[in-house]
Amino acid sequence: MTGAKRKKKSMLWSKMHTPHCEDFKQWFRRRLPILEWAPQYNLKENLLPDTMSGVMLAVQQVTQGLAFAILSSVHPVFGLYGSLFPAIIYAIFGMGRHVATGTFALTSLISANAVERLVPLSSQNLTTQSNTSIVGLSDFEMQRIGVAAAVSFLGGVIQVAMFVLQLGSATFLLTEPVISAMTTGAATHVVTSQVKYLLGMKMPYISGPLGFFYIYAYVFENIKSVRLEALLLSLLSIVVLVLVKELNEQFKRKIKVVLPVDLVLIIAASFACYCTNMEITYGLEVVGHIPKGIPPPKAPPMNVLSAVITEAFGVALVGYVASLALAQGSAKKYKYSVDDNQELLAHGLSNVIPSFFFCIPSAAAMGRTAGLYSTGAKTQVACLISCVLVLIVIYAVGPLLYWLPMCVLASIIVVGLKGMLIQFRDLRKYWNVDKIDWGIWVSTYVFTICFAANVGLLFGVVCTIAIVIGRFPRAKTLSIKNMKEMEFKVKTEMDGETLQQVKIISINNPLVFLNAKKFHTDLMNTVQKENANNQLLDDISKCEQNTLLNSLSNGNCNEEASQPGPNEKCFLILDCSGVTFFDYSGVSMLVEVCMDCKSRSMEVSLAHCTGKGGLLASIEHDPSATLSILRYLCFLVASLIKAMKYCGNPDSEKPIPFESVSAALSNIYSNKVSHASCHAGV
């Protein structure tokens, strides 16, 4: 008997742990998103917009690749390689359909610290000029790209390790104000690094704490060395770029093809420089020789990995945070989902694999992603098409870029950072919603420009956690009264006995960045679960269930309530009496909940909003939130204490305020009945 039992137990154990073919298929589909979207690609609808977007993206990839390679203190040709391989890897493993991966200003700036520290410019005279290297460049240039590739390799390994440890879920600590401040501060650093090219000055490499201020001090001390020709050409290029891009933005709906002003400017500037011989006549610095072709792969030097650990962590964290923010923004805009952990794998491999092809660290860039939005890209096919064009540049067009003035290239980079720099405008909404978020933004920005992007990011996260820990002890976790979810259905004579349903849910915790996602997930799960029980719940006329949206707990929301059928309309009242404090992330998530509910034919009202400076006041102060709610929830109640209410009359200009949930319920009921009576009378 014992032997039989053991045999039976071993058979069950092997059955439980034997992987099936279907499990492997699901795993591969989850880890290779291209297997999901590629078979469903619609050639007729998507190929043309993806092709147009790919052409425009290739122009950005080439110009930014050249500039960010120089920013990374390596030869410009390595920026072209960095615009090719990471984009291909991300298209296979990444989930962001409109994320353009390639060279990135922030990661280039970080890797430049390692390059200048380990292979300083002063060592150039100690290395012999050699044309027998892999790409026909000097040993000095090959040593520099070796260090940059090592930073990329180790940074990618760190990201893959974070994926294995499933640390993507920890991104909730990276709040919107922290990311906005860090990227804005890093963009300020990049603009500062381009000043020497814009002014045509010869300047030594300056980095380290307060290096931002030392650069401008050096500029003012040597103001007489500014080349007027470079300054005028830079100003002209910036004016043309800004003007044409604004016109493209204004008339993008009327014109089918956007003018590629970057490409036109590069061709015009290179041709003018060649014809007038500006390099010798005026002393303008040009890009120089660009070798043809792609060298065979070679492993980055492993002996320098221990020396670049700091920069590798900076590349891994800053690159991932900036890229994930763009992927999530893309997913939110076009209504699809992004897995935080899968993005870690995608960006990790986009750094590890290209490091064997002499690539600098990569990440997604806001300018390129915004370009995909504006040109109507549909999928990652646009990025793959851009890779084909970049490949053509590497093998055929590269040598023609010799005469491109560096001041023009710097102007393109500065204008391309406009999207990051205008994030200063966020300060107003942070001040109106939560002044602590405003303080975090300012302090994170100051730390970023005084030290570095990774230091600013770390400071912002630590500061945010400390503030929330200090605020949470003052929070009450439950409402004063034990609010329950109440449902009732009212039959009216409208639309053939349309059922009207009202649900009340109590929010019993503060809404902050720590629990904003959980709040959204729990509430949406409650709505979605109701669909499965629709037929069973049609026989129920009244149902009461305890509801607790405790977003800080580790449990899931298990409440089940009735979901309105196809012909039913539903009202959802969120009792906010338990929301003792909130931040910008919480208010933004509340607005998103309202929008999602509206898309499910649910009208949302807020009750028991706190007094002066309360939740409703914050929503009213946020222009984007106000616009959204006005557009999707019909109107706002201006009172800070009373409910935000839709009373059945979208044209009403004077919404009725409510001091309690019961008053709102009674009014909805009477409103619907009277509206039905009037309709029957007519």
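Okay, let's start at one residue: alanine 382 touches Asp50, Ser53, Gly54, Leu57, Leu372 and Ala377, if you don't count residues up to four places away in sequence. Bear in mind as we go that this is a predicted model. So where does alanine 382 sit? You'll find alanine 382 in helix 18, which runs over residues 381-397. Is alanine 382 buried or exposed? The relative accessible area of alanine 382 is 0%, and under 20% counts as buried, so alanine 382 is buried. One more thing about this spot: histidine 98 is 284 residues away from alanine 382 in sequence, yet the two are 8.6 Å apart in space, C-alpha to C-alpha.

Next up, helix 7. That's residues 105-118, so look there on the screen. Helix 7 has 14 residues and reaches 20 Å from its first C-alpha to its last, close to the 20 Å expected at 1.5 Å a residue. How many of the 14 residues of helix 7 are buried? The count is 11, so helix 7 is largely enclosed by the rest of the structure. Among those buried residues are Leu106, Thr107, Leu109, Ile110, Val115 and Glu116. And what covers them? The cover includes helix 4 (43-71), helix 8 (139-164), helix 9 (176-193) and helix 15 (309-334), along with strand 1 (101-103) and strand 2 (362-364).

Two of those helices, 9 and 15, come up again in the pairs I want to show you.

Let's take helix 9 and its partner, helix 22, residues 435-450. Their axes are 8 Å apart, and the two helices pack at an angle of about 30°. That makes helix 9 roughly parallel to helix 22. The crossing, as helix 9 passes helix 22, is right-handed. If you want to find the contact yourselves, look on helix 9 for residues including Pro177, Val178, Met182 and His189, and on helix 22 for residues including Asp437, Ile440, Trp441 and Tyr445. By class, the residues of this contact between helix 9 and helix 22 come out as 9 nonpolar, 7 polar and 1 charged.

Staying in that area, have a look at threonine 464. This one is in helix 23, residues 453-471. Threonine 464 has a relative accessible area of 4%, so it's buried. Setting aside neighbours within four places in sequence, threonine 464 is in contact with Thr175, Val178, Ile440 and Phe513. Val178 and Ile440 should ring a bell: Val178 of helix 9 and Ile440 of helix 22 are both in the contact I just showed you.

Now the other pair, helix 15 with helix 16, residues 340-352. How do their axes cross? They come within 11 Å and cross at roughly 125°. Helix 15 and helix 16 are therefore oblique to each other. Here too, helix 15 passes helix 16 in a right-handed crossing. Helix 15 brings Tyr320, Ser323, Leu324, Ala327 and Gln328 to the contact, and helix 16 brings Asp340, Glu343, Leu344 and His347. Sorted by class, that contact of helix 15 with helix 16 has 4 nonpolar, 3 polar and 2 charged residues.

Last stop, leucine 265, which lies in helix 13, residues 261-276. Leucine 265 is buried too, with a relative accessible area of 13%. What is leucine 265 in contact with, leaving aside its neighbours within four places in sequence? Those are Ser237, Leu241, Val408 and Ile412. And leucine 404 is 9.7 Å from leucine 265, C-alpha to C-alpha, while 139 residues separate the two in sequence.

Definitions and conventions. Residues numbered from 1 in each chain as written. Predicted model: local features only at pLDDT ≥ 70, side-chain atom pairs only at ≥ 80, totals over all residues. Heavy atoms only, no water. Helix = DSSP H or I, 4+ residues; strand = E, 2+ residues; numbered from the N terminus. Expected span 1.5 Å × (residues − 1). Buried < 20%, exposed > 50% of the residue type's maximum accessible area, 1.4 Å probe, protein only. Contact = heavy atoms within 4.5 Å. Axes fitted to C-alpha atoms, helices over the stretch in contact; angles between N-to-C directions. Parallel < 35°, antiparallel > 145°, perpendicular 65-115°, else oblique. Left-handed = near helix turned anticlockwise from the far one by under 90°. Nonpolar A, V, L, I, M, F, W, Y, C, P; charged D, E, K, R; others polar.
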